[in-house]
Amino acid sequence: MFRNSRLPSFRLGNARNQTGRIVCIFGFALCMLTATSRKQALSADEATVQPSTVLAAVDHRHTVSLDGAWHVIVDPYGNGLYDSNGKAQSAGFARNLAQTDSTGPIEYNFAKSPTLQVPGDWNTQRESLMLYEGPLWYEKDFEYHKAPGKRVFLHIGAANYRSYLWINGYAICEHEGGFTGFDCEITQALRDGNNFAVIAVDSTRLADGVPTLKTDWWNYGGLTREVSLVEVPDRYIDEFDLHLKRGTRDEIEGWVHVVGAPAGSEIKVTLDKDGQTTSLTAKTEADRKAQIHLVDAKLQLWSPEHPVLYRVILAAGEDRLEDEMGFRTVEARGTQILLNGQPIFLKGISVHAEAPYRTGRAFSEQDAETLLGWVHELGGNYVRLAHYPHSERMTRLADRMGILVWSEIPVYWACHFEDPVVLGKAQSQLSEMIRRDRDKASVILWSVANETPATPARTAFLTTLVHDVHNLDSSRLVTAALLVRAEGNTKIVDDPLGDALDVLGTNEYIGWYEHTAADADHTQWDIRYQKPLIMSEFGGGAKADLHGDVSTRWTEEFQANIYEHQFVMLNQIPQLRGLSPWILMDFRSPRRLLPEIQDFYNRKGLISEDGHKKKPSSFCRRPTRKIPSGTLSNCVLLQPRFPEVLCCARLQPEIL
Ligand code: GCU
C-alpha cells in the first residue's frame with residue numbers, strides 16, 4: 001500500500017529496525033459495503049500491523065488535550081479511505097493535501113470543512129447525521145514541541161467502531177472496538193512545531209464485529225471520548241496490578257511493568273493517605289515486571305460505606321505515575337459474594353452510556369454525576385454498566401462515590417461464535433477493558449457477554465474469555481448475563497456457561513415480554529449451580545407521565561406493577577445476591593419505533609431521558625420509619641414483600 005506512495009519513509013512506534021522500511025500499518029478492504037471485516041484483513045504482503053496499546057492510569061499522566069473542534073468530512077463511500085481495490089490507503093484524505101498547480105484535482109479540503117466537537121458522537125451534533133453509519137474523517141492542526149528523551153502517544157478514549165490514525169500523513173495505527181480506549185505511539189511522526197492529525201472513524205456495523213449487526217442501542221459514531229497527546233520517558237510504566245490479597249486486610253500484592261527496563265531496574269511503590277505513607281522498592285525481572293508485596297498494617301479498606309482512596313505513586317527511573325486507588329477484596333464463596341470478607345447484597349440498576357438531558361453517547365463528568373447521582377438517590381450501592389465499557393469518568397466517580405460496578409464487553413446476542421477472528425476481537429476488547437480499569441476498586445465484576453444462545457461454539461468462545469479474565473485479573477469475579485429457559489412456571493438456570501462463571505447473571509422479563517406481572521409471584525427458580533445469582537435484567541416500559549390502570553401497557557402504573565410483583569419473586573430466590581433492573585434511564589434504540597411512545601427510545605427507564613422520574617423510582621425515595629433511608633430495602637415498593645432477612649440475617653448463615 002505505502003511502498004509505491006510518494007510519502008517520505010518513517011519508522012513506526014517501536015519498529016526501530018534500521019531498514020527504514022515503512023511498516024505498513026494496515027490494509028483495509030472496502031468492507032464497509034459488505035458489512036464484514038473479513039476482506040479488511042491485511043493481504044499477505046502488507047507489513048505487520050502495529051497493535052495499539054493501553055497505557056495504565058493515562059488520565060493521571062501529563063497530557064496535551066486535543067479535544068474541541070475538529071474539521072470533519074462525511075465520506076459515505078470511503079472515497080478518501082479506500083482505493084478501488086477496497087484497500088485503505090494513506091494516499092487519500094490522510095495526506096491533508098492542498099490544491100497546487102502541481103497536484104491533480106484535490107477533492108477535499110479539511111480547512112474549509114465544517115467542524116464537530118470532540119469528544120462527542122456525530123449523530124446528536126448534526127440532524128443530518130442522526131442515522132449516519134459509515135466513514136467520517138476528523139482533522140486537527142496542533143502545535144507540539146518535542147521534549148528530549150520523551151516518547152509521545154496519541155490517546156483515544158473511544159472511537160466507534162473502527163478507526164485509522166495518521167499524524168502528518170504518516171500512518172500510525174488502527175483499532176477496532178467502539179468502547180475501549182487505546183494509545184498509539186507517534187514519536188517518530190511528530191514534527192517540532194506545526195503538526196496535523198487525521199483520524200478516519202467508520203461506524204459501519206459488521207456481522208463479524210463485537211457487537212454484531214443487531215443491538216438494542218443507538219450506534220453512536222465518532223470520537224466519543226477524549227483525545228490527547230501523552231508524554232512518557234523512554235522507559236515508562238505501561239501496566240500494573242496492585243490489589244489487596246484475598247483473606248488479608250493489609251497485604252497488597254501485584255506487579256509493575258516497565259517498558260524498556262532491563263532486569264534489575266528498581267521501582268518504588270508508595271501509598272499515601274493524608275501524608276501517612278508506606279513504601280516498598282522492588283526490582284524488575286526478565287519480563288520487565290517487578291513483583292510487589294507491600295504490607296500496610298493501617299490500611300483502610302474501600303467499601304460503599306467508606307470509599308477510601310489512596311494516592312498511589314509508582315516511580316521507575318525517569319518515570320513517575322500517580323494514581324488514586326482503593327483497596328478491597330471481592331470473592332465468591334458458595335452462594336455468597338464477599339466484600340472484604342463480609343457478605344454483600346448488590347442493590348443496583350442497569351445503565352446505558354446515554355447522556356441525560358442532552359442525549360447522545362455519555363462521556364462527561366456531568367453525565368457521570370447525574371447518572372450515578374440517581375443511583376445513589378435510589379439507595380443503590382451497585383450499577384451494571386451495560387453492555388460495553390463506559391467512560392473512565394464513570395468508574396473513577398464510582399470509586400469516589402462507593403458504587404460497585406459490573407463492567408461488560410459487547411459480546412451481545414448472536415455474535416459469530418464459531419469465528420476465531422471474532423474471538424480475537426472480543427479478547428482484545430476484554431484485555432483493553434481490564435487494562436484500563438484494573439486500578440478501580442469499584443469494579444468487582446467483569447462480564448463477558450449478554451443474552452447469548454447456549455450453543456457449544458458460544459460456550460467454548462465465552463469459556464475462553466472467562467479464562468482470559470482469570471489470567472488477566474485474579475482479584476475480581478467473572479460473570480455474564482444469561483438467558484433462562486422455563487418449564488411451566490419454573491425458571492431453570494442450567495446454561496452450561498454457568499460452570500465457568502464465578503457469579504451468575506440472569507435476565508428475565510416476566511410481565512413484559514412474557515406472562516403477566518402477577519405470574520412472577522408464583523414463579524419458581526431452579527438454579528443448577530451453587531453460586532451467587534444477580535438478576536441482571538428485569539422490568540418493563542412506560543412512557544413518562546402516561547398514566548392509567550395497572551393493566552394498561554406503557555403507563556407508569558403498568559411498569560410499577562411489574563416491579564411490585566418482581567420483588568415478590570426475587571424475595572423467594574435464596575441465592576439472590578444482587579439486582580440491576582432494566583434500566584435507570586430511557587435510551588435511544590433504532591429498534592424502538594412505536595409512535596408517540598417510543599420514537600426511537602427504549603422506554604424501560606425508571607427515569608426518562610429528560611429526568612422525569614417514573615412511578616417505580618419514586619417509591620424508593622420515600623423513607624420509612626423502620627429502616628434508615630438510603631437502602632434500597634426501604635423502598636415501599638419492596639418493603640411489604642422484601643423483609644430485612646434479605647438485607648442481613650439470611651446473608652449470614654453460610655458464613656458462620
Ligand atoms: C434485553 C437486552 C437489552 C435490551 C432489553 C430490552 O434483555 O439485554 O439490551 O435493551 O432486553 O428488550 O429492553
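A crossing of two helices counts as right-handed if the near helix is turned clockwise from the far one by less than a right angle. In this predicted model, the crossing of helices H3 and H4 fits that description: it is right-handed. H3 covers residues 420-437 and H4 covers residues 456-472, and their axes come within 10 Å and cross at roughly 30°. Angles under 35 degrees count as roughly parallel, so H3 and H4 are roughly parallel to each other. On the H3 side, the contact is made by Val422, Leu423, Ala426, Gln427, Leu430, Ser431 and Ile434. H4 brings in Phe461, Thr464, Leu465, Asp468, Val469 and Leu472. Sorted by class, that gives nine nonpolar residues, three polar ones and one charged one.

A second pair of helices is made up of H1 (residues 365-377) and H2 (residues 392-401), with axes that come within 9 Å and cross at roughly 45°. That angle makes H1 oblique to H2. The crossing of H1 and H2 is right-handed too. Here Glu365, Ala368, Glu369, Leu371, Leu372, Gly373 and His376 of H1 meet Arg393, Met394, Leu397, Ala398, Arg400 and Met401 of H2. The mix in this contact is seven nonpolar, two polar and four charged residues.

Then there is helix H5, residues 556-570. How far apart should the ends of H5 be? At 1.5 Å a residue, its 15 residues should span 21 Å, and the end C-alpha atoms are indeed 21 Å apart, so the two values agree. H5 is also mostly covered, with 14 of its 15 residues buried.

Terms used: Residues are numbered from 1 along each chain as its sequence is written. This is a predicted model: local features need pLDDT of at least 70, side-chain atom pairs count only at pLDDT 80 or more; totals for chains, interfaces and linings use all residues. Side-chain values use heavy atoms; hydrogens and water are left out. Axes are lines fitted to C-alpha atoms, for helices over the stretch in contact, and angles run from 0 to 180 degrees between N-to-C directions. Helices (H or I, at least four residues) and strands (E, at least two) are DSSP runs, numbered from the N terminus. Angles under 35 degrees count as roughly parallel, over 145 as roughly antiparallel, 65 to 115 as roughly perpendicular and the rest as oblique. Contact means heavy atoms within 4.5 Å. Ala, Val, Leu, Ile, Met, Phe, Trp, Tyr, Cys and Pro count as nonpolar, Asp, Glu, Lys and Arg as charged, and the others, Gly among them, as polar. The expected span of a helix is 1.5 Å times one less than its number of residues. Buried means under 20% relative accessible area, exposed over 50%, partly exposed in between (1.4 Å probe, protein chains only).
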